[in-house]
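Ready to practise reading charges in a protein? Take a look at the structure below, then try each exercise before you read its solution.

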Amino acid sequence: MKGYQVVFRKEVLDGLRDKRALMSALIFPLLAPFLVLFLVTTMIDMRTSDDDLQIAVIGADNAPHLIDWLEEKGLKFREFGGNAEEDAETAVSHQLEEMILIIPPAFTGQ
């Protein structure tokens, strides 16, 4: 049993003397969370640039209070060029529009 203790102690001391191995073993676990946080934050900022995002709307006159409320929350709207829901579905499926908000004439706001 004494031989195992001597070898174990020698290996631990050698490991502590090896500065490169010690630094790599300690620095990566300490810095990795910050690196991941930085990368995730950067990707979110790239995906959520609200400068160029405008939502196309069909039937904005059917719900002026809803549109006003959403604009207060920071969304920007523009009238969709087509009128039919089929045109809107085609535009989204062909990636001409990212999304289109369709407000039907029977919208009551409740």
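The exercises that follow deal with salt bridges and a charged patch in this predicted model.

**Exercise 1. Find the partners of Asp14 and say where they lie in the chain.**

Step 1. Begin with the general idea: side chains of opposite charge can pair when their charged atoms come close.

Step 2. Look at Lys10. Its closest N–O contact with Asp14 is 2.9 Å. A salt bridge needs a Lys or Arg side-chain nitrogen within 4 Å of an Asp or Glu carboxyl oxygen, so Lys10 and Asp14 form one.

Step 3. Now place this pair. Both residues belong to helix H1, which covers residues 2–17, and they are four residues apart, so about one helical turn separates them.

Step 4. Turn to Arg17. Its side chain also meets Asp14 in a salt bridge, at 3.3 Å from N to O. Arg17 and Asp14 are three residues apart in helix H1, again about one turn.

Step 5. Put the pieces together: Lys10, Glu11, Asp14 and Arg17 are linked in a network of salt bridges.

**Exercise 2. Sort Lys10, Asp14 and Arg17 into buried, partly exposed or exposed.**

Step 1. Recall the cut-offs: buried is under 20% relative accessible area, exposed is over 50%, and partly exposed is in between.

Step 2. Asp14 has 31% and Lys10 has 45%. Asp14 is therefore partly exposed, and so is Lys10.

Step 3. Arg17 reaches 57%, so Arg17 is exposed.

**Exercise 3. Which parts of the chain does the salt bridge between Arg78 and Glu97 link?**

Step 1. Check the contact: the closest N and O atoms of Arg78 and Glu97 are 2.6 Å apart.

Step 2. Locate the ends. Arg78 sits in strand E2 (residues 77–79), while Glu97 is in the loop between H4 and strand E3 (100–102). With their positions 19 residues apart in the numbering, the pair links distant parts of the chain.

Step 3. Use the same cut-offs as before. Arg78, at 31%, is partly exposed, whereas Glu97, at 15%, is buried.

Step 4. Finish with the count: the structure holds four salt bridges.

**Exercise 4. Which residues form the negative surface patch, and is Glu89 buried or exposed?**

Step 1. Name the members: Glu85, Glu86, Asp87 and Glu89 form the patch.

Step 2. Place one of them: Glu89 is in helix H4, residues 85–93.

Step 3. Glu89 has a relative accessible area of 60%, so Glu89 is exposed.

Methods:
Residues are numbered from 1 along each chain as its sequence is written. This is a predicted model: local features need pLDDT of at least 70, side-chain atom pairs count only at pLDDT 80 or more; totals for chains, interfaces and linings use all residues. Side-chain values use heavy atoms; hydrogens and water are left out. Patches are made of residues with over 30% relative accessible area and no salt bridge: like charges are joined within 9 Å, nonpolar side chains (Val, Leu, Ile, Met, Phe, Trp, Tyr) within 5 Å. Accessible areas come from the Shrake-Rupley method with a 1.4 Å probe; for residues, only the protein chains shown count as cover. Lys and Arg count as positive and Asp and Glu as negative; His and the chain ends are not counted. The place of a charge is taken as NZ of Lys, CZ of Arg, CG of Asp or CD of Glu. Helices (H or I, at least four residues) and strands (E, at least two) are DSSP runs, numbered from the N terminus. Buried means under 20% relative accessible area, exposed over 50%, partly exposed in between (1.4 Å probe, protein chains only).
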